[in-house]
Amino acid sequence: MSLIYRKAGMEDIDILVKTRIEVLRAANGLSDETNMEFVEEQSREYYEESLRSETHAAYLVFDEEKFVGAGGISFFRVMPTYHNPTGRKAYIMNMYTVPKYRRKGAAYHTLELLIEEAKKRNISYISLEATDMGRPLYERYGFEKMNDEMILPQECLKNGDI
C-alpha cells in the first residue's frame, strides 16, 4: 500500500470540515442524529480564516484517490515564559484515520509531517489532547502526559459563579 500525503489547501475545506465532524462525533460518543450544524459552520469559518492566515496546517492522506486520513496543527502565541521564551506554541488536532487503514503507519507519518511544520516555524512547545485510541501513537512518538494544566468549566462562565 502506497499512501499519498498532501498538505491541505483552501480547495480541501469540505474534506477538512467533514473529517472534523467525524472526529468530534467519535471522540464525544455522538450519534449521527446529533445536530452538528453550528459546529460545522464554525469549523468551516475556522479553516477558511486559519488556512488563509497560515495559523493552521493540515495534511490529508489518500490511497490513490480515496481519502483515508488527516491531521492538523494550529499555531498561536502566548506570553513568553522561562521554558518557552518565544511564547510560540502549536496544538495538534483532528487526527483521523479511516478504520480500515488504522495501525498501518498513516497517523504516525501524518504526525511527523505536522511536527515538521512546527519545527519550520521554530516552535518547541507542541501539545495535544489524546483519546484512549490515539494515546499509544502519541506516547510512541514521545509525547508525555501533562499534569499542571487546569480548565474553568463552561458552566462557571454561564452561571456567573466567578
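Leaving aside its neighbours within four places in sequence, with which residues is F75 in contact?

## Basis of the model

This is a predicted model, in which local features need pLDDT of at least 70 and side-chain atom pairs count only at pLDDT 80 or more, while totals for chains, interfaces and linings use all residues. Residues are numbered from 1 along each chain as its sequence is written, and side-chain values use heavy atoms, with hydrogens and water left out.

## F75 and the nonpolar cores

Beyond those sequence neighbours, F75 is in contact (heavy atoms within 4.5 Å) with E54, T55, H56, A57, K89, A90, E117, A118, R121 and I123.

F75 is also among the residues with the most contacts inside the largest nonpolar core, which has 17 residues, and I73, I92, M95, L111, Y138 and F143 are the others listed. Such a core is a set of buried (under 20% relative accessible area, 1.4 Å probe, protein chains only) Ala, Val, Leu, Ile, Met, Phe, Trp, Tyr and Cys residues joined through side-chain atoms within 4.5 Å. At least two residues of this core come from each of β2 (56-63), β3 (66-77), β4 (88-97), α3 (106-120) and α4 (135-141), and α3 gives the largest share, five residues. Helices (H or I, at least four residues) and strands (E, at least two) are DSSP runs, numbered from the N terminus. A second, separate core of ten residues includes A8, I13, L16 and L60.

## Packing of α1 against α2

Helix α1 (residues 13-28) packs on helix α2 (residues 37-53) at an angle of about 130°, their axes lying 9 Å apart; axes are lines fitted to C-alpha atoms over the stretch in contact, and angles run from 0 to 180 degrees between N-to-C directions.

From α1, the contact involves I13, D14, L16, V17, R20, I21 and L24, and from α2 V39, E40, S43, R44, Y47, E48 and L51.

Note on methods: Buried means under 20% relative accessible area, exposed over 50%, partly exposed in between (1.4 Å probe, protein chains only).
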